[in-house]
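Notebook open, structure loaded. I'm jotting things down in the order I look them up.

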Amino acid sequence: MGEAAPATVVILDFGAQYGQLIARRVREANVYSELLPWDTPWEEIAARAPAAVILSGGPESTLAPDAPGVDRRLWDAGVPVLGICYGIQLIARDLGGTLVPATHREYGPTTFELLERSPLTAGAAERSRVWMSHGDTVEKPPPGFSVIGHTPRCAIAAMGDPRRRIYGVQFHPEVVHTEAGHRILSNFLHGIADIKSTWRMESFVEQSVAEIRRTVGEGRVICALSGGVDSAVAATLVARAIGERLTCIFVDTGLLRLGEAESVVAAFRDVLHLRVVKVDAQERFLARLAGVVDPEEKRIRIGHEFIAIFEEEARKLLDVEWLVQGTLYPDVIESKTPGSKAGHKIKSHHNVGGLPATMNLKLIEPLRLLFKDEVRAVGRVLGLPSEIVERQPFPGPGLAVRVLGEVTSDRLRTLRLADAIVTGEIEGAHLAPHPWQYFAVLTPLQSVGVMGDGRTYANLVAVRAITSEDGMTADWARLPHDLLERISTRIVNEVPGINRIAYDVTSKPPATVEWE
C-alpha cells in the first residue's frame, strides 16, 4: 500500500521574477507545492485538495483594467491564502481594500517594522531587513484585516485576517535578502495552514512511479537519453514503473563533449542496466545547423530533429506511444510554455519551447516540476551512482550553443579540445566549494596575437564557471589565478586556432549560464 498523497500547496503564478523560488522554499520546508498559472479555474485547483494557496508577485499592475486575477471562488473556499507582492494587492482589490499607485517605486532592501503580533510573524524580530519590488501599494486594508507591519515607504507591508486565514506581505519572503522570510513562510505553512513537514523525495519517487504506471498502462515507452543527470533520473523512474517496456534512445548528435558518446552508452548499459539504442546522427544535425547563427533557430532546429529521430526509432519498435524527457522546471520557466503564461520568455529550451507543434508521441516529463538539486536528490533515492548524480549540467542542444555563430565540424573539434582542458583542470584542482558548472565557449571573435615571433589572427575562447544551487540564479566562480593561468596557457598552446582566453565574470541575472 502506497503512502497517502502529501498535503499540497498551490502557488498561483502571476509571472513573478521570484515565482520559482516560492516553490523551492515551500519544498525546503518539506511541504509539497505545485505552481499553476494565475487563471487556473477553481475546479482544477480544488481537484488538488490544496492545504493552502500562495499568490505570487508579478510584473503587472492590479489597478489596470485587464489585470490578472484569481477565480473569485478562492476567497470563499476556506483555504488559507498568502499573497506576496502582487498577491497582497490582489487580496486588497478583491476583498474591499484600497490600492494606490506608489509615488516612488520601491525596489531593493528596506526595514520592516512590526506594528502588532500575528501568527504570520511569530518569532520574528521587531525590525528586520526585507526585499521589496513593487509600484502599487495597499492604502487601506479590506474589512476584517489588520495591519501587521510597515516599512518607511509602505504603510501596509503586511496584513492579515486571522479568522479567514488570509494574509498578505508586500515584500518577498522567498528571497534570502528578507531576513525573516523563512520564518514567515514556515509560520504560514505549519502554523496558519497546519501542514506537517512530511514531504520527502522518497514520497516523490513512489508517487511518480505510481503515476507513470497509471499514465502508460500497458503501453511501451522510449526515453530521450542525453547522458546527463536529468535524463538518467527520468529514465530510471520510468524503468522502475514499467520495466522492460522502456527503451532508451541515445542520439549521438555530434554536439557532445570529447569522448562523451562512448562513456554515456557504457554507463547506461553497464551501470544502470537500461536497454539503450544508439543512433549516429552527426551528419543530420550538422546539415540542419548549416549556415544557422541565430541561437533561437539553433535550439528549434535541434528540437525538431530530435523529435524526428525519436519518432523514426519508435516506428521500429512495437506499440510505442510515449516519449520520456528529462525536462526540469527551470527549462519550463525560461521557455515560457503555456503552463507559465504570465512570464516572459528568456530562451527556448530544445526540449520545451523547441518542440514542434504536432507530435506523434505523447510526452512523459516526470521531473517537470523539480529543480536541479531536487533531481539529484531523487537520483540518490533511486540509488544512482555518484558519477551520474553529481555530473555537472550540460545543455540539451550540446555544444551547438557553445559554438557562437555557425556550427561546423572544425569549430566543434576546436571547442571540444578547449573544453576538455577546462574540465580537466577544474576537476583536477579539487576545489571547495566545487563549481556548479564549467565549460569553454568558442566565440566568433578573432584577435591579433604573437606566437613564435609571428603575427596570428585567431579565435577567442571564453571560459565560464559558475556557482549555483538550482540554476535559476548563479554567480561566477572565483577560480584561483594559478588555475586560470594553467587553463589559458594550455589552451593557447595545445589547441590550434586559439590565441586569446577570456574569463566570464557575469552573474545570472543579468546573464544566463549559457552564452546562447
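**Entry 1: cysteines**

How many disulfides does the count come to? I get zero disulfides. A note to self before going on: this is a predicted model.

I checked Cys154 to see what keeps it unpaired. Its closest cysteine sulfur belongs to Cys85 and sits 9.5 Å away, so that is too far for a bond. Cys248 is in no disulfide either, with the sulfur of Cys223 as its nearest at 4.7 Å. The cut-off is 2.5 Å between sulfur atoms, so the 4.7 Å from Cys248 to Cys223 doesn't qualify.

Buried or exposed, then, for Cys154? Cys154 counts as buried, at 1% relative accessibility. Cys248 also counts as buried, and I read 0% for it.

**Entry 2: the whole chain**

Stepping back to the overall picture. I count 14 helices and 18 strands in the protein. The radius of gyration is 25 Å, and the globule rule gives 24 Å for 516 residues, so the protein is as compact as a globular protein of that length. The C-alpha trace spans about 75 × 60 × 40 Å along the principal axes.

What percentage of the 516 residues count as buried? I have 57%. I also looked at contacts with a separation of 6 or more: residues 24 or more positions apart account for 74% of them.

**Entry 3: helix 1 and the second largest cavity**

I started from helix 1, residues 19–28. Helix 1 is mostly covered, with nine of its 10 residues buried. The buried ones include three arginines, Arg24, Arg25 and Arg27, along with Gln20. Gly19, Leu21, Ile22, Ala23 and Val26 are on the buried list as well. Just after helix 1, Asn30 takes a positive phi of about 60°.

Next, empty space. Rolling a probe the size of a water molecule over the atoms shows where such space is left. The structure holds two cavities of 30 Å³ or more. I followed up the second largest, which has a volume of about 30 Å³.

Which residues line the second largest cavity? My list reads Ala23, Arg27, Ser33, Glu34, Leu35, Tyr329 and Leu369. Helix 1 and strand 2 (32–37) are the elements that give two or more residues to this lining. Strand 2 has the largest share, three residues. By character, the lining divides into four nonpolar, one polar and two charged residues.

I cross-checked the helix 1 side: Ala23 and Arg27 are in the lining, and both are among the buried residues of helix 1. Ala23 and Arg27 are four places apart, which made me recall the helix geometry. An α-helix has 3.6 residues a turn, so residues three or four places apart point the same way.

**Entry 4: backbone oddities**

Most residues other than glycine have a negative phi, and most peptide bonds are trans. I went looking for exceptions.

Where is there a cis peptide bond? One joins Ala432 and Pro433, with omega about 0°. Pro433 lies in the loop between helix 13 (409–428) and strand 15 (437–451). Another cis bond joins Pro509 and Pro510, and there omega is about 15°. Pro510 is in the segment after strand 18 (498–503).

On to phi. Asp194 is not a glycine, yet its phi is positive at about 55°. I find Asp194 in the loop between helix 4 (181–192) and helix 5 (201–216), and at 49% relative accessibility Asp194 counts as partly exposed.

His273 is another non-glycine with a positive phi, about 60°. Which elements flank the loop that holds His273? They are helix 7 (260–271) and strand 12 (276–280). His273 is exposed, with a relative accessible area of 61%.

**Entry 5: Ala155**

Last lookup, back in the strand where Ala155 is found: strand 8, residues 154–161. At 57% relative accessibility, Ala155 counts as exposed, whereas Cys154 counts as buried.

What does Ala155 contact, leaving aside its neighbours within four places in sequence? I noted Val147, Gly149 and His150. I also checked Val138, which is 17 residues from Ala155 in sequence, and the C-alpha to C-alpha distance is 7.9 Å.

How values were computed: Residues are numbered from 1 along each chain as its sequence is written. This is a predicted model: local features need pLDDT of at least 70, side-chain atom pairs count only at pLDDT 80 or more; totals for chains, interfaces and linings use all residues. Side-chain values use heavy atoms; hydrogens and water are left out. Buried means under 20% relative accessible area, exposed over 50%, partly exposed in between (1.4 Å probe, protein chains only). On a 1 Å grid over the protein atoms alone, a cavity is a set of points where a 1.4 Å probe fits but cannot get out, and a pocket is an open set with protein on both sides within 12 Å along at least five of seven lines; lining residues have an atom within 4 Å of a point. Grid points are joined across faces, edges and corners, and a volume is the space filled by probe spheres set on the points. Ala, Val, Leu, Ile, Met, Phe, Trp, Tyr, Cys and Pro count as nonpolar, Asp, Glu, Lys and Arg as charged, and the others, Gly among them, as polar. The radius of gyration is taken over C-alpha atoms; the globule rule is 2.2 Å times the number of residues to the power 0.38. Contact means heavy atoms within 4.5 Å.
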